[in-house]
Amino acid sequence: MSDRNNAANANANRNNNNGGRCANTSLVYTMKKIRDIYLKIISKENLYAAVYMAAKGRRYRDTTADFNFYLEEEIDRLHRELSQKTYCHGKYRLFTIYEPKERKIAAAPFRDRVVHHAVHDVIEPIIDKTFIYDSYACRKDKGTHKAVDRAQSFLRANKFCFHGDIKKYFPSINHGMLKEILRRKIDDADLLWLLDEIIDSAMSLRGAVGDEAIAERRDCFAPKCGARNDSRIGLPIGNLTSQFFANLYLSELDYFIKFDLRERYYLRYMDDFLVFGNDKRELFKIRETIGDFLNNNLSLNLHEGKSQVYQTKRGINFLGFRIFRNYRRLTSNNTRRFRKRLKSFGYLSRTFPEDKTVRDEIRDSVRCWVAHSKYANTKRLRLNIWSHLVEKKEVLGNSLKEILLDGVGVGFSRERERERVNSRIRRNSFVQKVSYYISLGDNSAFCESTKRLCW
């Protein structure tokens, strides 16, 4: 299988180097099916490893601690249920987040998250080899920053960009189509049973309190049926397997754009994707073609307001960055959220000098944002944020100076400020003198003054 995947990757590279033309797409669409892997997934060794991965970052929470307290008994019970195929997914706990926008999150019980990791950590490395190079979401050695780097390199080579966004992606994923895609890649009845159980676990969200987004779609949850005839839709946001399934689901779109439409400059991050080109009318045709493909083959719809064609010289918004040919900026929403976070830290700063826990929490949060912001040109932005913070909360501002101004430097800030003021003075002085000489009609004095000012 590795030889076939290597051949597919080599074929894709040749296509890119040949202007995106594809002579043979069969290598990309086919792969050796996964067989006889279920016993490895439900083995106790894999389940113990899954417990370790599922507990990361939440080791001291009640549900995690309870599971680990009876670890051997819980693993034995899970192994027995999975072996006898009596495992049943538990009910989700629902909560809402509001940053960066309001979303309903479904948290599975800890024992079910262990099963998610056990499945994902075995099959994901195998199926990942079938994804195209320019798919960047939820993949090892990919991610947001590499996607932004790639988008900027594509932007420099093209005049226009089609930015596509799928409307309500996770709540719109069709269960039957997803199961059909999995069956094209997996030939293991036991594993498919477990994957179907995880996918169908969204049924437990029907009776959840306060879940308005899924409550609107209750009519779409039909009784269990065959994979092809399953018309239920929606995956819970919050599952590790949901991210993987969502990425796999749109790999069909990747194949279509890359090897049927033969678009060279294409990349995708989950449901956000970009297609670059130098012909604006051609990109509008591609938008219509992609919209028809999504609707007919994946039961998805493009977001009409967000899916537009832009000129690359004006920059594009992608993954929290405003990308231009030679520089990047953070989007205003990103900066606004960070300023709001600093404002909330201001209320904690009353105990800042004494409380080490609060101090470390604030510094770690700011350090994370600064590390992310360094992927854009943000020296001036961070200097302005720090100056404003010192005016409002001097103690907090001085304590965060080293972090916020990392890589900026006092010399840089003073020199840039001096240059900005001097350039404004010279510009205003020049305009005033030109206006004065023009009013007098003295062309010789005007020319001499212009030469002096320009020199």
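**Helices and loops of a predicted model**

Visitor: Which residues are buried in H8?
Guide: The model is a predicted one. In this assessment, a residue counts as buried when its relative accessible area is under 20%. In H8 that description fits Ala-147, Val-148, Ala-151, Gln-152, Phe-154 and Leu-155.

Visitor: Why do the buried residues of H8 line one face of the helix?
Guide: The view to take is the one down the axis of H8. The buried residues of H8 line one face because, in that view, they fall within an arc of 160 degrees.

Visitor: Which strands do the buried residues of H8 pack against?
Guide: H8 itself covers residues 144–156. The partners of its buried residues are strands E4 (266–269), E5 (272–277), E7 (316–318), E8 (321–323) and E9 (328–330).

Visitor: How many Å does H8 reach from its first C-alpha to its last?
Guide: H8 has 13 residues, and at 1.5 Å a residue the expected reach is 18 Å. The reach in the model is close to that value, at 19 Å.

Visitor: Is Asn-158 buried or exposed?
Guide: Asn-158 is placed in the loop between H8 and strand E3 (160–165). Leaving out residues up to four places away in sequence, Asn-158 touches Tyr-265, Phe-276, Gly-277, Asn-278, Thr-312 and Arg-325. Its relative accessible area is 3%, and since the cut-off is under 20%, Asn-158 is buried.

Visitor: Which residues of H4 are buried, and how wide is the arc within which they fall?
Guide: In H4, which runs over residues 44–54, the buried residues are Asn-46, Leu-47, Ala-50, Val-51 and Ala-54. They line one face of the helix, because down the axis of H4 they fall within an arc of 145 degrees.

Visitor: What covers the buried residues of H4?
Guide: The buried residues to be covered include Leu-47 and Val-51. Their cover includes H3, helix H5 (62–69), helix H6 (71–84) and H7.

Visitor: How are H4 and H7 placed relative to each other: roughly parallel or roughly perpendicular?
Guide: The axes of H4 and H7 are 8 Å apart, and the angle between the two helices is about 115 degrees. The crossing is right-handed. The contact involves, among others, Ala-50 and Met-53 of H4 with Val-114 and His-117 of H7. Angles of 65 to 115 degrees count as roughly perpendicular, and H4 and H7 are therefore roughly perpendicular.

Visitor: How are H7 and H11 placed relative to each other: oblique or roughly perpendicular?
Guide: H7 (residues 110–128) and H11 (residues 189–199) have axes 12 Å apart and pack at an angle of about 130 degrees. Val-115, His-116, Val-119 and Ile-123 in H7 meet Leu-191, Leu-194, Leu-195 and Ile-198 in H11. An angle of 65 to 115 degrees would count as roughly perpendicular and one over 145 as roughly antiparallel. The angle here fits neither range, and H7 and H11 are therefore oblique.

Visitor: Is the crossing of H7 and H11 left-handed or right-handed?
Guide: The handedness depends on which way the near helix is turned from the far one. For H7 and H11 the crossing is left-handed.

Visitor: How many of the ten residues of helix H13 are buried?
Guide: H13 spans residues 240–249. Its buried residues are Thr-241, Ser-242, Phe-244, Phe-245, Ala-246, Asn-247, Leu-248 and Tyr-249. Their cover includes H7, H9, helix H10 (175–185), H11, helix H14 (251–260) and E4. H13 is largely enclosed by the rest of the structure because the number of buried residues is eight.

Visitor: What is the phi of Asp-36?
Guide: Most residues other than glycine have a negative phi. Asp-36 lies in the loop between helix H2 (26–29) and helix H3 (38–41), and is exposed, with a relative accessible area of 75%. Although Asp-36 is not a glycine, its phi is positive, at about 50 degrees.

Visitor: Where is Lys-168, a residue with a positive phi?
Guide: The phi of Lys-168 is near 45 degrees, a positive value in a residue other than glycine. Its place is the loop between E3 and helix H9 (169–172).

Visitor: Which residues is Val-408 in contact with, leaving aside its neighbours within four places in sequence?
Guide: Val-408 lies in the loop between helix H20 (401–404) and helix H21 (410–440). Val-408 is buried, with a relative accessible area of 5%. With those neighbours set aside, its contacts are Lys-379 and Arg-382.

Key:
Residues numbered from 1 in each chain as written. Predicted model: local features only at pLDDT ≥ 70, side-chain atom pairs only at ≥ 80, totals over all residues. Heavy atoms only, no water. Helix = DSSP H or I, 4+ residues; strand = E, 2+ residues; numbered from the N terminus. Expected span 1.5 Å × (residues − 1). Buried < 20%, exposed > 50% of the residue type's maximum accessible area, 1.4 Å probe, protein only. Arc of directions from axis to C-beta. Contact = heavy atoms within 4.5 Å. Axes fitted to C-alpha atoms, helices over the stretch in contact; angles between N-to-C directions. Parallel < 35°, antiparallel > 145°, perpendicular 65-115°, else oblique.
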